[in-house]
Amino acid sequence: MTRLWLAGLLRRQPMRIVGAAIGVAVAVALLASLGAFLAHAKASMTARAIDSVAVDWQVQVGSGADPAAVAKLVAGLPSVQGSRTVGFADVSGFSASTAGTTQTTGAGVVLGVPDGYAALFPGEIRTLAGSGSGVLLAQQTAANLHAAPGTKVTISKAGLPPTTFTVDGVVDLPQANSLFQKVGAPPGAQPSAPPDNVLLLPSRQYRSFVAPLAKNRPDLAYTQVHAKVTHALPADPAAAYTAVTGAAHNLEAASTGAATVGDNLAAALDAARGDAAYAQILFLFLGLPGAVLAGLLTATVSAASAERRRREQALLRVRGSSQRQLLRLVGSEAALIGAIGCGIGLGAATALGAIAFGSPSFGATARSAVLWAGLAVIAGLTITVAAILLPARRDVKEHTVAADMEQVVTHRSPGWSRYGIDIAALATGFVVFWAVGRGGYQLVLAPEGVPAISVSYWALAAPALLWAGAALVIWRLVDLLLRHGRRPLGRLLHPIGGDTATLVGSSISRLRRPLVRAAVLLTLAIAFAISTATFNATYAAQAEADAQLTNGADVTVTESPGSAASPSYARTLATIPGVAAVEPVQHRFAYVGSDLQDLYGVNPTSIRSATALQDSYFQLGGTAAQLMHTLDLRPDSILVSAETVKDYQLTLGDLINLRLVDGRTHQQITVPFHYVGVVAEFPTAPKDSFFVANARYVAHRTGSDAVGAFLIDTGGHNVATVADRVRNVVGQGAAVTDIAAVRGTVGSSLTAVDLAGLTRVELSFALVLAAASSGLVLGLGMAARRRSLAIMRALGAQRRHLSTVVVGEAGVVGVAGAIGGVALGVLLANVLVKVLTGVFDPPPSQIAVPWSYLGALAILTAACLVVVSAGTLRVATRNLLGVIRRF
Amino acid sequence: MQPSDIAGTDAAGAHAHRLSTATAGTPRAVLGQPLISCAGAGRTFGARGRPVVALYDTTCTIVADDRIAITGPSGSGKSTLLHLLAGLEEPTVGTVTWPALDRRPHDPGHVGLVFQAPTLIPSLTVAENVRLPLLLAGHTTATATARAAAALDLLQLEPLGLDLPQQLSGGQAQRVVIARVLASQPLAILADEPTSQLDRATADHVMDVLLQAADEAGAALVVATHDQSVAGRMAQNWPISDGRLLADEPVPSLTRPRPTAFGLDDWRTGS
């Protein structure tokens, strides 16, 4: 009997099965796709964290231990793929004589670097000028000494005669912080900044250089074994962190105290763990509303056929079917819908995964694929049970045959409405949002070195409560408007339907329950699309801002250390085809007290023509525009980092004396500035402390207008091509970088998440849900009214009369859904961006609005309403008799 | 015998005076003038491979004040003939014309239709349902309201005016449909199995109301039914079998006297 029943359903009422199955499929596909995103994102973060590390382990050889033995122990580990022994020696300072003047620096470090080191650890040393081997001077030291390849640099050693070397090349040490870490010291005891002055010697020269120092002052020389370990690690950053940490501890145990591991790889994975937790939160924030919406859609589709199902049950009962038999039939129908829905959903997710992430699997590993597919199927079956099986079971259990043959519609307010649950949810949502905001929206706490991560899922309650509360409030409002608005509605429809519009207004008012449901579903779908799209656009804008902060502009020309490019060179660059604007930026090093920091001299009136300055880059003193205006009006103004403000107890207006190198004498001179604001981020500036000042003032006081970098704006077009043209013009004398190349390499590991793939998946689902909410739900409502339209037609209604009904209903759903959806979408987008502040780097100063997507959403929603309305009108005059006689 | 031989007889001269109550502007039929004419009209359903003839070539004429029962078992073609007469279906052969009408038959004010199941719009009240065809015909709200109220009053349904159809019994709902027909003052009332879903007592009452309404409107009444007791109350009986209209059968006697008034208080609450 069950088979016969299901075969009959598929043959006679395929849309009843397919419609509900599609709803289930959307939820399954969305969850499986987002699961795929999460797994993919975690794997991407792990890979990114691994790639970001130049030297995986820095194994410090203990005092008195044999470096060769430690090196042998490290090299012998199965997880170690290569290792080199590096010497470190603390020296008193460096000096060099150039252009008739002698410059001297403070204390520094000399490294002994073995052959093949740069090849094994390519990320540790970057050649800027001259040779990549031999005696290499760090960029900042070269700037301090005005040294270049060929310059003789003298090293002062404690209690020993100085030693002189000829510089072969100038290098950058991108990971100086980790290279000069205090191995084994807790985070709080680490040096606040790497040494300002560094010289790298080949191993042979280093050995002869360090031998007398090690003999006299063994405390000033030490040895590290740098190792590259296997990167075959678990895809999850947390698991990879555990694996790497375990291996490092194993090495320390095996060395019996002779070795202490500076585990750079674990440190990178440690940071990625927090980002992975954020990715999980993103999944919950952005994915669950869509899945819940798909579930509501399924319930609505199922409810559309509930009346027919009840009649069938009534007929079967009249013909002697037992309650058990009816339950079996209902269960088999639900199982069929669940199976079809899950199958289609997993198939769609597989296809989406292949398109969006380049992988047809639901996760980075087979285990995660099975896990996510299983979870998505469970969610799909839960929706099937909740939306189809339970209502049908309730009908079987509670309805009598007589009741099933009636169509009693009660307009009693639902329980949540009578008790004000909607208002309470909305108010609680705002309270939770406020409470979470007090904590600075710190959703993820991943204490450094501690395996456990704390995720504040409580913060989820704010958007969840706002989402649910606002949806119910919109339900209440639309219901209220339709209940009391039959006359205004009739007047609005009068131009189409004449005097029949009054009756149509009354009809819509009495049919408000399904219309309100459709309007609320459309509200939720539009809100989902708007909030998701806005969040994603803001995320993308901030990732772009991050790339621009790192690179400085679309294309950046960075002058070699020691070069003295004139600002007038900007005019030459401006003539290159594709260049929209060029802005010279000075780059100096300035001492504040004993602390050496970068200083950027800018032209405050024109800097924004070549690069974007967001208000969020500045924390005190005003907006970006206001602070640039201040720099222009008062040239001795200076913007300072928050850390410097704190360290030196500065208040706005304070005088700061910086020591800068005079371009004429090459000697340090004191230049007075006045502190006017706090800068957190600035194009090309490092993450730590730096200054921003007026370039004219700096040039005037130091006698040099030498430019450190030229920021080039291309208008965002043909960046790579313009960069190539610029390279041809500037030649080898300067480094040319473009934002396209930088995009893929900057930012936190969370930025490495393939957000483009996630965006494609989510926004596609948002459009599908909006189309289904507008078209499908309204269409189902119209289908339910088809008999009424046929009766009207049989009574002599013309097309305009039928249009009044269709336009009235579509208008109510469309207008209420659009207004509610936009309001709720904007609210949720703001809440999401606030609550997920930790995801953004830098934090956004304003929300990015994806107008093109929103336009497409509006067009699609309107098109669905129009198509369904036109289709309803078209079929309203077909098969009148068949429709009228259907009962 | 050819169906043309069974053209309606002029048996209702007594109703001629009622035609004067027709709404101004609505064309009224003259006694004896053909309202609906079928000339060799037939209807075939189904695909080309397996055609099913529902009604063979039929020729007949309906004139004002006719009281005709089209009788036959289920599937005999009586509903098909009725739908052709109402213009709800197009004949596949032959023609159906409405000589007394200036527009399509289902335009308001021409042909009133009563179906097997009540055809009320569930989201409109009883009064609004009755008012609807008048508004569709272009009457003002005031006129439609007045005529609907009069029709409901005539059928003693006014107390139900604010009820929704779902609150009515089957008999009450059919009576509202008849009131709606009456309010439109049609030239012909075509009823397709109007009592088949009702119990005997309710069916008799609905037929009383239907006949009364036809009298009030001065309209021809054609009822398709398989119920001989219903057919027995009509002046003519057109039996139909396997899609062929047979000879007119004599009506032995009315099985129940025609009601003299709408004083049917015992039906107020329906069945």
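User: Two residues are taken to be in contact if their C-beta atoms, placed from the backbone, lie within 7 Å. On that basis, what covers the buried residues of α23(A)?

Analyst: This is a predicted model. In it, the cover over the buried residues of α23(A) includes five strands of chain A: β17 (581-592), β18 (595-602), β21 (655-661), β22 (668-679) and β23 (690-694).

User: Which residues of that helix are buried?

Analyst: Helix α23 spans residues 695-702 of chain A, and its buried residues are A:A695, A:V698, A:R701 and A:T702. These residues cover an arc of only 135° around the axis, so they lie on the same side of α23(A).

User: And what happens to the backbone just after α23(A)?

Analyst: A:G703 follows the helix and takes a positive phi of about 70°.

User: Stepping back, how is chain A divided?

Analyst: Chain A has four domains: domain 1 (1-55 + 236-408), domain 2 (80-229), domain 3 (416-546 + 753-887) and domain 4 (553-738). The centres of domain 2 and domain 3 of chain A, taken over C-alpha atoms, are 63 Å apart.

User: What are the overall figures for chain A, starting with its span along the principal axes?

Analyst: The C-alpha trace of chain A spans about 110 × 65 × 50 Å along those axes. The secondary structure of chain A amounts to 30 helices and 25 strands. Of its 887 residues, 50% are buried. Among contacts in chain A with a separation of 6 or more, 82% are between residues 24 or more positions apart.

User: Moving to β1(A): how many of its residues are buried?

Analyst: Strand β1 covers residues 57-61 of chain A, and five of its five residues are buried. On one side are A:W57, A:V59 and A:V61, and on the other are A:Q58 and A:Q60, so that both faces of β1(A) are covered.

User: Which strands does it pair with, and in what sense?

Analyst: β1(A) runs antiparallel to strand β12 (residues 221-229) of chain A, with four bridges. β1(A) also runs antiparallel to strand β13 (residues 259-263) of chain A, with five bridges. A:Q58 takes part on both sides: it stands opposite A:H226 in β12(A) and opposite A:G262 in β13(A).

User: Where is A:F180? Is it buried, exposed or partly exposed?

Analyst: A:F180 sits in the loop between α6 (176-179) and β11 (198-202) of chain A. It is partly exposed, with 18 other C-beta atoms within 10 Å; the buried class requires 20 or more.

User: What is A:F180 in contact with, leaving aside its neighbours within four places in sequence?

Analyst: The contacts are A:V109, A:P191, A:P194 and A:P195. A:V109 is 71 residues from A:F180 in sequence, while their C-alpha atoms are 9.1 Å apart in space.

User: Now chain B. What does its secondary structure come to?

Analyst: Chain B has six helices and nine strands. It contains 271 residues, of which 53% count as buried. For contacts in chain B with a separation of 6 or more, residues 24 or more positions apart account for 73%.

User: Why is β6(B) described as largely enclosed?

Analyst: Strand β6 of chain B comprises residues 188-192, and because five of the five are buried, the strand is largely enclosed by the rest of the structure. B:A188, B:L190 and B:D192 point one way from β6(B), whereas B:I189 and B:A191 point the other way.

User: Which strands pair with β6(B)?

Analyst: Strand β5 (residues 111-114) of chain B runs parallel to β6(B) and is joined to it by four bridges. Within that pairing, B:V114 has B:A191 as its bridge partner. Strand β7 (residues 220-225) of chain B also pairs with β6(B) in the parallel sense, over five bridges, and B:D192 is matched there with B:A224. The chain passes from β6(B) to β7(B) through helix α5 (residues 200-217) of chain B, in a right-handed β-α-β crossover.

User: Last topic: how many residues does the contact take from chain B and from chain A?

Analyst: The contact takes 24 residues from each of the two chains, B and A. On the side of chain B, helix α2 (residues 126-136) provides the largest share, five residues. That side divides into 13 nonpolar, eight polar and three charged residues.

Key
Residues numbered from 1 in each chain as written. Chains lettered and ligands numbered in written order. Predicted model: local features only at pLDDT ≥ 70, side-chain atom pairs only at ≥ 80, totals over all residues. Helix = DSSP H or I, 4+ residues; strand = E, 2+ residues; numbered from the N terminus. Nonpolar A, V, L, I, M, F, W, Y, C, P; charged D, E, K, R; others polar. Buried ≥ 20, exposed ≤ 12 C-beta atoms within 10 Å, placed from the backbone. Pairing = 2+ DSSP bridges. Right-handed = clockwise from strand over helix to strand, strands pointing away. Domains from an automatic or database assignment. Arc of directions from axis to C-beta.
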